[in-house]
Amino acid sequence: MDRHITVPMTKEEKRSLKSGDYVYLTGTIYSARDAAHKRMYEAIQNGEELPMDIKDNIIYYMGPSPAREGRVIGSAGPTTASRMDKYTPRLLDLGLGGMIGKGKRTEDVRQAVIRNDSIYFAAVGGAGALLSKCIVESEVIAYDDLGTEAVRRMKIENFPVIVVIDTEGNNLYESAIENYKAK
């Protein structure tokens, strides 16, 4: 089922999404990858503020290539989500609404998604040039020294994702395998 949702999302909107749903997101999201997650985690451990309010917001695991002339951002494909798994449960417990990446997540992340009524979306890997066309504004807001791994605030329009892990913990990667085996 195709859904068009404005982000940040409400708990009710997240609860209405089911693993396997196609969703087009419009609104504001943030990007952060490995190095930025490490810094945010260290900030939390030291009792410091995070560079953005994560409450109900979505982090896209992406490090863009440089923007070409006339473009807001370069290629903006997802990176492997499991690289952030050691930091994710803590961020979800602090109110992070969801994540966009690619690939499987650990059981600890799945449990944190359930516990916090969060959501894990996948974006299509290898389609970074196409995905970048859905990003209409991009601004580095923290950790500029990290280059492409800096934290960005981005406005997106009709950004295509698929619900992988829903608020009940249903996991598309697991259910797709089971469905295939059944056939």
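Mentor: Before we start, helices and strands here are DSSP runs of at least four and at least two residues respectively, numbered from the N terminus, and the model we are reading is a predicted one.

Trainee: Where is D117 found?
Mentor: D117 forms a salt bridge with R15 through their side chains, at 2.6 Å from N to O. This pair links distant parts of the chain, 102 residues apart, with R15 in helix α1 (residues 11-16). D117 itself is found in the loop between α4 and β5.

Trainee: Is D117 buried or exposed?
Mentor: A residue counts as buried when its relative accessible area is under 20%. The relative accessibility of D117 is 18%, and therefore D117 is buried.

Trainee: And how does R15, the partner of D117 in the salt bridge, count by its relative accessibility?
Mentor: The class between buried and exposed runs from 20% to 50% relative accessible area. R15 has a relative accessibility of 39%, so R15 counts as partly exposed.

Trainee: Which residues does D117 touch, if we do not count those up to four places away in sequence?
Mentor: One of them we have already met, since a polar contact of 2.6 Å joins the side chains of D117 and R15. With the sequence neighbours set aside, the residues that D117 touches are K11, K14, R15 and T167.

Trainee: K14 is in that list, so what is the relative accessible area of K14?
Mentor: K14 is found in helix α1. Leaving aside neighbours within four places in sequence, K14 is in contact with M9, D56, G97, D117, S118, I119 and T167. K14 is a buried residue, and its relative accessible area is 1%.

Trainee: How many residues apart are E107 and R110?
Mentor: The side chains of E107 and R110 meet in a salt bridge of 3.0 Å, taken from N to O. Of the two, E107 is partly exposed at 42% relative accessible area, whereas R110 is buried at 19%. Both residues lie in helix α4, where they are separated by about one turn of the helix, that is, three residues.

Trainee: Helix α4 also holds V109, so which residues is V109 in contact with, leaving aside its neighbours within four places in sequence?
Mentor: V109 counts as buried, with a relative accessibility of 0%. Once the neighbours within four places in sequence are left aside, the residues in contact with V109 are D85, T88, P89 and L92.

Trainee: Which residues are linked with R33 and D34 in a network of salt bridges?
Mentor: R33 and D34 themselves meet through their side chains in a salt bridge of 4.0 Å, N to O. In this pair D34 is partly exposed at a relative accessible area of 23%, while R33 is buried at 18%. The network that links R33 and D34 also takes in R83 and E149.

Trainee: How many salt bridges does the whole structure hold?
Mentor: We have looked at several pairs, among them D117 with R15 and E107 with R110. For the structure as a whole, the number of salt bridges is twelve.

Trainee: Turning to the strands, which residues of strand β4 point the other way from G98 and I100?
Mentor: In a regular strand the side chains alternate between the two faces of the sheet. In β4, residues 98-101, G98 and I100 point one way, and the four residues of this strand are all buried. Pointing the other way are M99 and G101.

Trainee: Over how many bridges do β4 and β5 pair?
Mentor: On one pairing, strand β3 (residues 58-60) runs parallel to β4 over three bridges, and I59 stands opposite M99 in β4. Strand β4 also pairs with β5 (residues 119-122), where G98 stands opposite I119. This pairing of β4 and β5 is likewise in the parallel sense, and the number of its bridges is four.

Trainee: Which helix joins β4 and β5 in a right-handed β-α-β unit?
Mentor: A right-handed β-α-β unit is also made by β3, helix α3 (residues 88-93) and β4. For β4 and β5, the helix in the right-handed unit is the one at residues 107-115, namely α4.

Trainee: Which residues does UniProt list for the domain "Fe-S hydro-lyase tartrate dehydratase beta-type catalytic"?
Mentor: Over that stretch the chain is 25% helix and 26% strand, with its end C-alpha atoms 27 Å apart. The domain comes from an unreviewed UniProt entry, which lists residues 8-175.

Definitions and conventions. Residues are numbered from 1 along each chain as its sequence is written. This is a predicted model: local features need pLDDT of at least 70, side-chain atom pairs count only at pLDDT 80 or more; totals for chains, interfaces and linings use all residues. Side-chain values use heavy atoms; hydrogens and water are left out. Buried means under 20% relative accessible area, exposed over 50%, partly exposed in between (1.4 Å probe, protein chains only). Two strands pair if DSSP finds at least two bridges between them. A crossover is right-handed if, with the strands pointing away from the viewer, the path from the first strand over the helix to the second runs clockwise. UniProt positions are given in the numbering used here, feature names are shortened, and annotations may be inferred rather than shown by experiment. A polar contact is a pair of N or O atoms within 3.5 Å; within protein, one must be able to donate a hydrogen and the other to accept it, and residues adjacent in sequence count only if both atoms are side-chain atoms. Contact means heavy atoms within 4.5 Å.
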